[in-house]
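Reader: Before I use a model, I want to know what its labels rest on. Please go through them with me.

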Amino acid sequence: MKESYDVIVAGGGPAGTTAARFAAMGGADVLVLEKDREIGVPVRCGEAVDHEGLIEFLQPDKKFIAAEIKNFKLVAPDGTVVKPNIEGVGYVLDRRVFDYELGRLAADQGAEIVTKAYVDGVMRSNGSVGGVSVQYKGERLMLKSKIVIGADGVESRVGRWAGMNTTVSMHDMESAAQVTAANVDVEEDTCFFYFGEKYAPGGYLWVFPKGNRTANIGLAVAADQSRKKHALKFLEEFMEESYPKASVLSKLAGGVPCAETLEEITMPGLMLVGDAAHQVNPVSGGGIISGMIAGKMAGRVAAEAVKKNDMSLLKEYDKEWQDSLGTRHRRYYKIKKVIYKFKDNDLNSIAAEISKLPESQQTLGSLFKQAVIKHPSLILDVMKLFLS
Amino acid sequence: MIEIHEEKCDLCGCCVGVCPENCIDMTESRISIEHEICTDCRKCEWACPFEVFEFKHDRVVVKATA
């Protein structure tokens, strides 16, 4: 580690390493600081992505793909299953290997990656961020940089230390629990989504196959609705009822900021990417690809700003995001609010109506394709629009 | 006061994300609360997927005045 860099990235998840990759590709001198001992571990994710989103960044490779997904099935509270026809494919990743690969791609461009390095503050002067403080090997080091990129996840504090308000509201935070379970009979090419008060109030439950009779089985509950019963308890009940013979290979907790993107994701000397900037699809909770898209935008802009020695360019990233996915996420956020008002009865009747249609008509065109692959639960709202 | 049951904690960061006071610190291996800043709003307790937090009413100690 040196004392000074062009760009310091706090956090080595997909958004952070992708930002590092593209900043380094643009000629910047880049350091990534990861608090955990290993890139990609622990996994805190359902691990599903769509093919179209993935290939923008790297080619699908068996080594990080656990299962190829061809079908989606949505389960209403009364058990009615809706299977929309979809054309594209998706994947359930092995995030350990996937994140490693993203780290390697950043390193190949010249980015330096240091693990077990905990960023515990930012350095500020004249209202601008000029570096970070980091705990490393028992010491506290002050590292200078022209630009800090905060990619420090749902637990982000980099923005807050710099004076931005990045707190996630209780109705936007999805409180999640997931197990990777073995000895489960699942459809190996199908992702299941369960909706309803019983499974996950204010969220949904997922079963994503990971090959060889294993699956990620998890759920997310809106934090403002989990007061009486927490996510883990919902999950344990579901496992007991649906997969009593399963063995749990891993169990994890997680938080998903299913909100609109923060109003501002840059300030002088600082850019936020990924969960830290609330760049998650607010309906599906998916954040891998959108975090990587943001990382690419931020990395490129950072390199350009360094090259031209003009830090006012950082705002270009803000604008580019807000004009593209930021706008889309704001629209999805409005849809999410509609979906969350649905009671179990509403969901049941939507599912019942749809399942009456001949299977060939359950496509409802390309809108569905997009909705289901990228934003699984959006389909409910789309169905309502078609039925009303 | 909010008490942490560290043995249940998976270090997921939900609590840090919702804390309005920015008073929860999470390193690679542990979380801690700065009690001087904490306002006992209990959002961490409610957002936690694993029931790590427990709210305990502060004990009022009445001293005898001799």
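Author: The turns below take labels one by one and set values against cut-offs. The model is predicted.

Reader: Why is the contact of Asp10(B) with Arg44(A) called a salt bridge?

Author: A salt bridge needs a side-chain nitrogen of Lys or Arg within 4 Å of a carboxyl oxygen of Asp or Glu. The closest N and O atoms of Asp10(B) and Arg44(A) are 2.8 Å apart, so the pair meets the definition.

Reader: What makes this pair a link between two chains?

Author: Asp10(B) sits in the loop between β1 (2-4) and α1 (14-18) of chain B, and Arg44(A) in the loop between β2 (30-33) and β3 (48-50) of chain A, so the pair joins two chains.

Reader: Why are Asp10(B) and Arg44(A) called partly exposed?

Author: Buried means under 20% relative accessible area and exposed means over 50%, with partly exposed in between. Asp10(B) has 22% and is therefore partly exposed. Arg44(A), at 29%, counts as partly exposed too.

Reader: How do you know that Glu187(A) and Lys73(A) form a salt bridge?

Author: Their closest N and O atoms are 3.0 Å apart, and the cut-off is 4 Å. Glu187(A) belongs to the loop between β12 (173-182) and β13 (190-194) of chain A, while Lys73(A) belongs to strand β5 (residues 71-75) of chain A, so the pair ties together parts that are 114 residues apart in sequence.

Reader: Which of the labels buried, partly exposed and exposed goes to Lys73(A), and which to Glu187(A)?

Author: Lys73(A) has a relative accessible area of 14% and is buried, because the label applies under 20%. Glu187(A), at 34%, counts as partly exposed.

Reader: What makes Glu28(B) and Lys116(A) a salt bridge?

Author: The N to O distance between their side chains is 2.7 Å, which is to be set against 4 Å. This pair crosses between chains, from the loop between β2 (24-26) and β3 (31-33) of chain B, where Glu28(B) lies, to the loop between β8 (112-114) and β9 (117-125) of chain A, where Lys116(A) lies. Lys116(A) is partly exposed, with a relative accessible area of 40%.

Reader: How many salt bridges are there over all chains, and how many between chain A and chain B?

Author: The structure holds 25 over all chains. Between chain A and chain B the count is five. Salt bridges also link Lys63(A), Glu101(A), Arg104(A) and Asp108(A) in a network.

Reader: What makes up the interface of chain A and chain B?

Author: The contact takes 31 residues from chain A and 24 residues from chain B. The area buried between the two chains is about 2400 Å², and carbon and sulfur atoms give 54% of that area. Arg157(A), Met170(A) and His230(A) supply 25% of the area that chain A buries against chain B, more than any other three residues. Across this interface there are 19 residue pairs in polar contact. On the side of chain A that touches chain B, α4 (158-161), β12, α5 (231-242) and β16 (247-257) each supply at least two residues.

Reader: How do you know that the span of helix α7 of chain A agrees with its number of residues?

Author: At 1.5 Å a residue, the 26 residues of α7 (residues 314-339) should span 38 Å; the end C-alpha atoms are 35 Å apart, which agrees. There is nevertheless a kink of about 50° in α7(A), centred on Gln322(A).

Reader: Why is Thr18(A) called buried?

Author: Thr18(A) has 1% relative accessibility and counts as buried, because the label applies under 20%. This residue lies in helix α1 (residues 14-25) of chain A. Leaving aside neighbours within four places in sequence, Thr18(A) is in contact with Phe57(A), Leu102(A), Met292(A), Gly295(A) and Lys296(A). A polar atom of the Thr18(A) side chain lies 2.6 Å from the backbone oxygen of Pro14(A).

Reader: Why is Asn309(A) called exposed, and Asn183(A) partly exposed?

Author: Asn309(A) has a relative accessible area of 60% and is exposed, because that label applies over 50%. Asn183(A), at 39%, counts as partly exposed. Asn309(A) has a positive phi of about 50° although it is not a glycine, and lies in the loop between α6 (288-308) and α7 of chain A. Asn183(A) has a positive phi of about 60° and lies in the loop between β12 and β13 of chain A.

Technical notes. Residues are numbered from 1 along each chain as its sequence is written. Chains are lettered from A and ligands numbered from 1 in the order in which they are written. This is a predicted model: local features need pLDDT of at least 70, side-chain atom pairs count only at pLDDT 80 or more; totals for chains, interfaces and linings use all residues. Side-chain values use heavy atoms; hydrogens and water are left out. Helices (H or I, at least four residues) and strands (E, at least two) are DSSP runs, numbered from the N terminus. The expected span of a helix is 1.5 Å times one less than its number of residues. The bend at a residue is the angle between axes fitted to the seven residues ending there and the seven starting there. Buried means under 20% relative accessible area, exposed over 50%, partly exposed in between (1.4 Å probe, protein chains only). Contact means heavy atoms within 4.5 Å. Buried area is the accessible area (1.4 Å probe) that two parts lose on being put together, summed over both. A polar contact is a pair of N or O atoms within 3.5 Å; within protein, one must be able to donate a hydrogen and the other to accept it, and residues adjacent in sequence count only if both atoms are side-chain atoms.
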